[in-house]
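Reader: I would like to understand how the words used to describe a protein model are justified. Could we go through some of them slowly?

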Amino acid sequence: MKATEQEIDSAWALLFACWLVAGASTLGALFLSEVMAVTPCVLCWYQRIFMFPLVLVLPAGLIPFDRKVVRYALPLALVGWFIAVFHVLLVAGYIPEGIKPCTQGVSCTEDQIVWFGFLKIPHLSLLAFSVVVALLVFSSVKYSRRKDSR
Amino acid sequence: MKQKTLLIVSATLLILAFIGGALVYDAKRSEEAARAAQHNLSFLVRMHSPTQGKASAKVHIVEFFDPACGTCKAFYPFVKKLMAANPDKIKLSVRYAPFHDGSDIVVKMLEAARKQGKFWEAMEAVLATQEIWTRNHRAQPQLVLNSLGGIGLNLERLQREMDAPEIGALVAQDIADGRALNVKATPEFFVNGRPMPSFGYEQLKDLVETALADAYR
């Protein structure tokens, strides 16, 4: 019994870490747009649409711990992840300009900020979504293993 | 219970980090802006800019202005009131930052009106009817002409002159200077070379009052 409780605890901790990443990403995105006045491009907005709700959705699965949290958090995270992949490929030039969905406002391929000479905003987004997806999956795996051992 | 505490504490820390970061960033940026403005004083004041108020006034407000910008409209009477409260001590120069689509054409109309000696009348007429000629944040130059009808301008001459190369050069210069001064939003005010520390009526008023106190001791 003690072991399973530990496993719930670690599933909870992974989910909590996931929420921390989502929270940091959300505040980071808001910092860029509201404090540093960097205008988000269209693709950035779509990624925000799938990241911001996680900040509110995940706590609903944290308190009390709900093993079904992956069912309602993972779809958001996955769609956001795919958009982030698309954005990174677009910025890297692997996707031709022609199917670029940005028609007005800020260009999605314009490098507004480059850190350390290579790290751009879409990379951070992809990193954040990847970590969120990974943590959600790990947390769910941890929990179902507990179920199997029962 | 422990988990709930952990969640709440983390959320609070995240938000505090955000607020702290924002404060630090803002302080650093306004310091940089003030330094840049001092450094780029030559970009800030150009002989070509329309200027209102006595030439000998010691307090000089330079406004980066977009005729289609609603906040510029809201600030205009406030600035006029500041000037009226301190007669002959404040002058106002207008620089163009036509950020909205179509605004550059409206700016050219204002400059063409200036050639007929009716710049400020035209500016006030354009601001007064702003809601009518802006659609979805896009200026409709054709509708602006209607607004300019009532102030005694020769509209035919205005339309002929608004595309004059010297007007184009003036607007291009203003846009380039705005970029050099890091003007990213309108209205942006500089009072004797100093930008507002943050945006707002009170901040502008404080800046003007400090400048007045310094200049007219």
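**Reasoning from values to words**

Author: In this predicted model, B:Q52 is buried, with a relative accessible area of 17%.

Reader: Why is B:Q52 called buried at a relative accessible area of 17%?

Author: The word is used under 20% relative accessible area, and because B:Q52 has 17%, B:Q52 counts as buried. This residue is placed in strand β1 of chain B, which covers residues 51-52. Leaving aside residues up to four places away in sequence, B:Q52 touches B:Y76, B:K80, B:M83, B:I90, B:K91, B:L92 and B:W120.

Reader: What makes B:D174 a buried residue?

Author: Its relative accessible area is 0%, and since buried means under 20%, B:D174 is therefore buried. B:D174 lies in helix α9, residues 165-180 of chain B, and, when residues up to four places away in sequence are not counted, it touches B:H48, B:F64, B:V94, B:R95 and B:Y96. In chain B as a whole, buried residues make up 43% of the 217 residues.

Reader: How do you know whether B:I19 is buried, partly exposed or exposed?

Author: Buried requires a value under 20% and exposed a value over 50%, with partly exposed in between; B:I19 has 42% relative accessibility, so B:I19 counts as partly exposed. B:I19 belongs to helix α1, which spans residues 2-39 of chain B.

Reader: What makes B:I19 and its partners a nonpolar patch on the surface?

Author: A patch takes residues with over 30% relative accessible area, and nonpolar side chains are joined within 5 Å. The 42% of B:I19 is a value that can be set against that first cut-off, and B:I19 forms the patch together with B:V9, B:L13, B:I15, B:L16 and B:L23, with about 570 Å² of accessible area together.

Reader: How do you know which residues of chain B are in contact with chain A, and how many are there?

Author: Contact means heavy atoms within 4.5 Å, and in chain B 14 residues are in contact with 15 residues of chain A. The two chains bury about 1400 Å² between them, 82% of it on carbon and sulfur atoms. Of the area that chain B buries against chain A, B:Q3, B:L7 and B:F18 supply 44%, more than any other three residues.

Reader: What is the count of salt bridges between chain B and chain A?

Author: The count is zero salt bridges, while the rule for polar contacts finds one residue pair across this interface, both at pLDDT 80 or more.

Key: Residues numbered from 1 in each chain as written. Chains lettered and ligands numbered in written order. Predicted model: local features only at pLDDT ≥ 70, side-chain atom pairs only at ≥ 80, totals over all residues. Heavy atoms only, no water. Patch = residues over 30% accessible without salt bridge, like charges linked within 9 Å, V, L, I, M, F, W, Y side chains within 5 Å. Areas by Shrake-Rupley, 256 points an atom, 1.4 Å probe, with all protein chains shown as cover. Salt bridge = Lys/Arg side-chain N within 4 Å of Asp/Glu carboxyl O. Helix = DSSP H or I, 4+ residues; strand = E, 2+ residues; numbered from the N terminus. Buried < 20%, exposed > 50% of the residue type's maximum accessible area, 1.4 Å probe, protein only. Buried area = accessible area lost by both parts, 1.4 Å probe. Polar contact = N/O pair within 3.5 Å; in protein donor to acceptor, adjacent residues only side chain to side chain.
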